[in-house]
Amino acid sequence: MTENNKLLAEVNGKKIYTQDVYKLMANMEDGQRFNNEEGIKVLCDEIVNQEILLKDAVDKKLDEETDFVKELEAVKDNMLKNYAMHKIFEEIKLDDSEIKAYYEKNKENLNPPLLYEASHILVKDLEEASKIKKEIEEGLEFSEAAKKYSIDPSKDNGGSLGKFPKGVMVKEFQEGLDSIEVGQISEPVKSQFGYHLIKLENIENVETPSYDEIKDQVKQRVLMIKRQEAYLNKLDEIKKDIEVKKYY
């Protein structure tokens, strides 16, 4: 063994090396706190303890118990499913021309070129929304009205929703935004949440990123699409010989 993978312990002839400790460390959420001389000893002790426990379990033939066998089969099934998916996906190839073509066709949707900045007041019914809008028209500050009347958590910030791209809000809210100019307040807009009064603070044009800037992002999206296509095609190919009954 190399100096970087030295023998640390043995349990009934089973050798435990430095690399075994680092594998355990890598699978722990806070494993790096053990990345020191004392921590490595602590983890090695744990591996020793686990090997002792394993030896006892084998001696007692726990691996032959019905519950363990069932659990093992379930684990094997899940591993095999994942392996089968891996075999489908490993055949997928991507070239730069596919990635570039997807970017050219979808670049506006990949990074929407408009950022909205808006505030809103959310209430339960139309009558209350109309009453609040009248108060604002008579001089009540929108932010103060939001703090006073809105049932949305944004009331604590005067109704401010900050900046967001087109399409992230529900359809009715987006339509309300698009019906007004910067500085204006919408008529009451009904959505699944209640009635909104929307104030459009600003619209910012964002330059679409170049292909080189987001190539990796585009590649991952194209890869995801091709994986989904390959998965569905494989199912179509093999399911004709499988009997499936659905009761939903």
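**Close-up 1. Where helix H3 meets helix H8.** Met85, Ile88 and Phe89 in H3 meet Arg227, Ala230, Tyr231 and Lys234 in H8. Sorted by class, this H3 and H8 contact has five nonpolar residues, two charged ones and no polar ones. Everything shown here and below comes from a predicted model. H3 covers residues 66–89 and H8 covers residues 211–238; their axes come within 9 Å and cross at roughly 115°. That angle makes H3 roughly perpendicular to H8. As for handedness, H3 passes H8 in a right-handed crossing.

**Close-up 2. Helix H4 against helix H8.** H8 also packs with H4 (residues 96–110): the two axes come within 9 Å and cross at roughly 100°. H4 and H8 are therefore roughly perpendicular to each other. On the H4 side, look for Asp96, Glu98, Ile99, Lys100, Tyr102, Tyr103 and Leu110. They meet a run of H8 residues, including Tyr211, Ile214, Gln217, Val218, Arg221, Val222 and Ile225. Lysines of H8 take part too, among them Lys215, Lys219 and Lys226. By class, the H4 and H8 contact divides into nine nonpolar, seven charged and one polar.

**Close-up 3. Helix H1 on helix H2.** H1 (residues 18–26) and H2 (residues 37–59) pack at about 95°, with their axes 9 Å apart. That puts H1 roughly perpendicular to H2. Asp20, Val21, Tyr22, Leu24 and Met25 are the H1 residues to pick out, and they meet Ile40, Leu43, Cys44 and Ile47 in H2. The class tally for this H1 and H2 contact is eight nonpolar residues, one charged and no polar.

**Close-up 4. The four-stranded sheet.** This is an open sheet with the strand order E4-E3-E6-E5 and antiparallel pairing. Its edge strands are E4 (160–165) and E5 (189–191), each of which pairs on one side only. Ignoring direction, neighbouring strands in this sheet are turned by 45° against each other on average. Helix H5 (residues 126–137) packs on the sheet, where H5 touches E3 and E6 (194–205). The direction of H5 makes about 50° with that of E6.

**Close-up 5. Strand E3 and its two partners.** E3 (residues 114–123) runs antiparallel to E4, and four bridges join the pair. One residue pair to zoom in on is Ser119, whose bridge partner in E4 is Ser160. E3 also pairs with E6, again in the antiparallel sense, over 10 bridges. Here Ile121 has Leu197 in E6 as its bridge partner.

**Close-up 6. The E5 and E6 hairpin.** A hairpin joins E5 to E6, and the link is two residues. The two strands pair in the antiparallel sense over three bridges. Within this pairing, Lys190 stands opposite Tyr195 in E6. E5 is an edge strand of the sheet, so to speak the end of the row E4-E3-E6-E5.

**Close-up 7. The two assigned domains.** Zooming out a bit, the domain assignment of the chain gives domain 1 as 7–88 and domain 2 as 112–205. The C-alpha centres of domain 1 and domain 2 lie 55 Å apart.

Notes: Residues are numbered from 1 along each chain as its sequence is written. This is a predicted model: local features need pLDDT of at least 70, side-chain atom pairs count only at pLDDT 80 or more; totals for chains, interfaces and linings use all residues. Side-chain values use heavy atoms; hydrogens and water are left out. Two strands pair if DSSP finds at least two bridges between them. Axes are lines fitted to C-alpha atoms, for helices over the stretch in contact, and angles run from 0 to 180 degrees between N-to-C directions. Contact means heavy atoms within 4.5 Å. Angles under 35 degrees count as roughly parallel, over 145 as roughly antiparallel, 65 to 115 as roughly perpendicular and the rest as oblique. A crossing is left-handed if the near helix is turned anticlockwise from the far one by less than a right angle, and right-handed if clockwise. Ala, Val, Leu, Ile, Met, Phe, Trp, Tyr, Cys and Pro count as nonpolar, Asp, Glu, Lys and Arg as charged, and the others, Gly among them, as polar. Domain bounds come from an automatic or database domain assignment.
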